[in-house]
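Work through the exercises below with the sequence and the model open side by side. Try each task before reading its solution.

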Amino acid sequence: MMKNMRLDRYLCEMSEGTRKEIKQKIKSGLVTVNGQTASDPGMHVDRADLVLLGGRPVVYEEFVYFMMNKPQGVLTATMDKKQQTVLDLIDEKTRKDLFPVGRLDKDTEGLLLICNDGQLAHALLAPARHVQKVYRADVKGIVTQKDVESFARGLEIDDQWTARPARLTILKTDQTAGTSQIEISIVEGRFHQIKRMFQAVGKEVISLKRISMGPLVLDGRLEPGSFRRLTDEEIKELKKLQNG
Ligand code: URA
């Protein structure tokens, strides 16, 4: 439910300009609330109010969802004093409540959902939901059928943790270089999970990219570092997960 909020913030969150520009628009009489010209940027509005800017309705959008192709070298965090974060890459900065859903390591790239919908995030991340995450990786070492079987059985990582069964597919091996390309599907999301799984079989992840999370698949047209809004269809599919 949308909160009661200041008019300038409402317009700002709906990407109608910077706070300063919006104040200017209000002062110039361009904004009406329920048919009355607004003069105070600090007046409070809520969902029931009809806000027009230059005669055009500005409808409040409660939730926003972005798909990002996270580049390597960027932190999955909302902010950091020293390092660039995924939120720094979103230039539609008007919303203060965006956060990344789950975490990719700094050197991992690929699909990252960024939104302000806490319930959906919870549904995607709750361990009991077993949402599938698919990754592609380059691995140092030759991944074998035996590895595929141990991953499928559930790999013992240490005496505290046996990973849930994971589907490992060998895409390519290069005997000369001693490297492999794999795809892996996991239903957990532990810290450094895939790197630790390969370590447990004596191999090393060289590069890692997330391809999908539940029904959401990385848009191949997104260059690393770029993002787009989710389509209505994608949101609908994710919501099924939330309601299921
Ligand atoms: N597993 C990892 O090791 N790193 C990630 O970023 C995601 C899964």
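How many salt bridges does a search of the whole structure find? The search finds 21. Keep in mind that this is a predicted model.

**Exercise 1. Trace the salt bridge between Glu-109 and Lys-209.**

Step 1. Check the distance. The two side chains form a salt bridge at 3.9 Å, N to O. The cut-off is 4 Å, so the pair counts.

Step 2. Place the partners. Glu-109 sits in strand β9 and Lys-209 in strand β15. They are 100 residues apart.

Step 3. Look at the backbone. β9 and β15 pair in the parallel sense over three bridges. Glu-109 stands opposite Lys-209 in β15.

Step 4. Classify the burial. Glu-109 has 18% relative accessibility, so Glu-109 counts as buried. Lys-209, at 28%, counts as partly exposed. The limit for buried is under 20%.

**Exercise 2. Compare this with the pair Lys-203 and Asp-147.**

Step 1. Take the distance. The closest N and O atoms of this salt bridge are 2.7 Å apart.

Step 2. Place the partners. Lys-203 belongs to the loop between α5 and β15, and Asp-147 to helix α4, so the salt bridge ties together parts that are 56 residues apart in sequence.

Step 3. Classify the burial. Lys-203 is buried, with a relative accessible area of 14%. Asp-147 is buried too, at 6% relative accessibility.

**Exercise 3. Find further salt bridges.**

Step 1. Go to Glu-234. Its side chain meets that of Arg-228 in a salt bridge of 2.9 Å, N to O. Glu-234 is buried, with a relative accessible area of 17%.

Step 2. Look for a network. Salt bridges link Arg-6, Asp-8, Arg-19 and Lys-23.

Step 3. Recall the principle. Side chains of opposite charge can pair when their charged atoms come close.

**Exercise 4. Describe the surroundings of Glu-16.**

Step 1. Locate the residue. Glu-16 is in the loop between α1 (7-13) and α2 (19-27).

Step 2. Is Glu-16 buried or exposed? At 15% relative accessibility, Glu-16 counts as buried.

Step 3. List the contacts. Beyond its neighbours within four places in sequence, Glu-16 is in contact with Leu-11, Ile-22, Lys-25, Leu-53, Arg-56 and Val-58.

Step 4. Pick out the polar one. The side chains of Glu-16 and Arg-56 are joined by a polar contact of 3.1 Å.

**Exercise 5. Work out the sheet that contains β5 and β6.**

Step 1. Order the strands. Four strands form an open sheet, β3-β2-β5-β6, with antiparallel pairing.

Step 2. Find the edges. β3 (36-37) and β6 (56-57) each pair on one side only.

Step 3. Inspect one pairing. β5 (residues 51-53) and β6 are joined by two bridges. Leu-52 stands opposite Pro-57 in β6.

**Exercise 6. Account for the partners of β9.**

Step 1. Begin with β7. β7 and β9 pair in the antiparallel sense over six bridges. Asn-69 has Leu-111 in β9 as its bridge partner.

Step 2. Move to β8 (residues 99-100). Two bridges join β8 to β9, again antiparallel. Pro-100 stands opposite Ile-114 in β9.

Step 3. Add β15. Here the pairing with β9 is parallel.

Step 4. Check the cover. Eight of the eight residues of β9 are buried.

**Exercise 7. Map the nonpolar cores.**

Step 1. Which residues touch the most other members of the largest nonpolar core? They are Ile-114, Ile-184, Met-197 and Phe-198, in a core of 34 residues.

Step 2. Name the suppliers. β7, β9, β10, α4, β14, α5 and β15 each give at least two residues to this core.

Step 3. Separate the other core. Another core of 17 residues lies apart, including Tyr-65, Leu-124, Met-213 and Ile-235.

Step 4. Zoom in on Phe-198. Among the residues Phe-198 touches beyond four places in sequence are Val-139, Phe-151, Ile-184 and Lys-203. That is the Lys-203 of the salt bridge with Asp-147.

**Exercise 8. Describe the ligand site.**

Step 1. List the lining. The residues around the ligand are Leu-104, Asp-105, Thr-108, Tyr-135, His-192, Gln-193, Ile-194, Lys-195 and Leu-208.

Step 2. Find the backbone approaches. A ligand oxygen is 3.3 Å from a polar backbone atom of His-192. A ligand nitrogen is 3.0 Å from one of Ile-194. For Lys-195, a polar backbone atom is 3.1 Å from an oxygen atom of the ligand.

Terms used. Residues numbered from 1 in each chain as written. Predicted model: local features only at pLDDT ≥ 70, side-chain atom pairs only at ≥ 80, totals over all residues. Heavy atoms only, no water. Buried < 20%, exposed > 50% of the residue type's maximum accessible area, 1.4 Å probe, protein only. Polar contact = N/O pair within 3.5 Å; in protein donor to acceptor, adjacent residues only side chain to side chain. Contact = heavy atoms within 4.5 Å. Core = buried A, V, L, I, M, F, W, Y, C linked by side-chain atoms within 4.5 Å. Pairing = 2+ DSSP bridges. Near = heavy atom within 4 Å.
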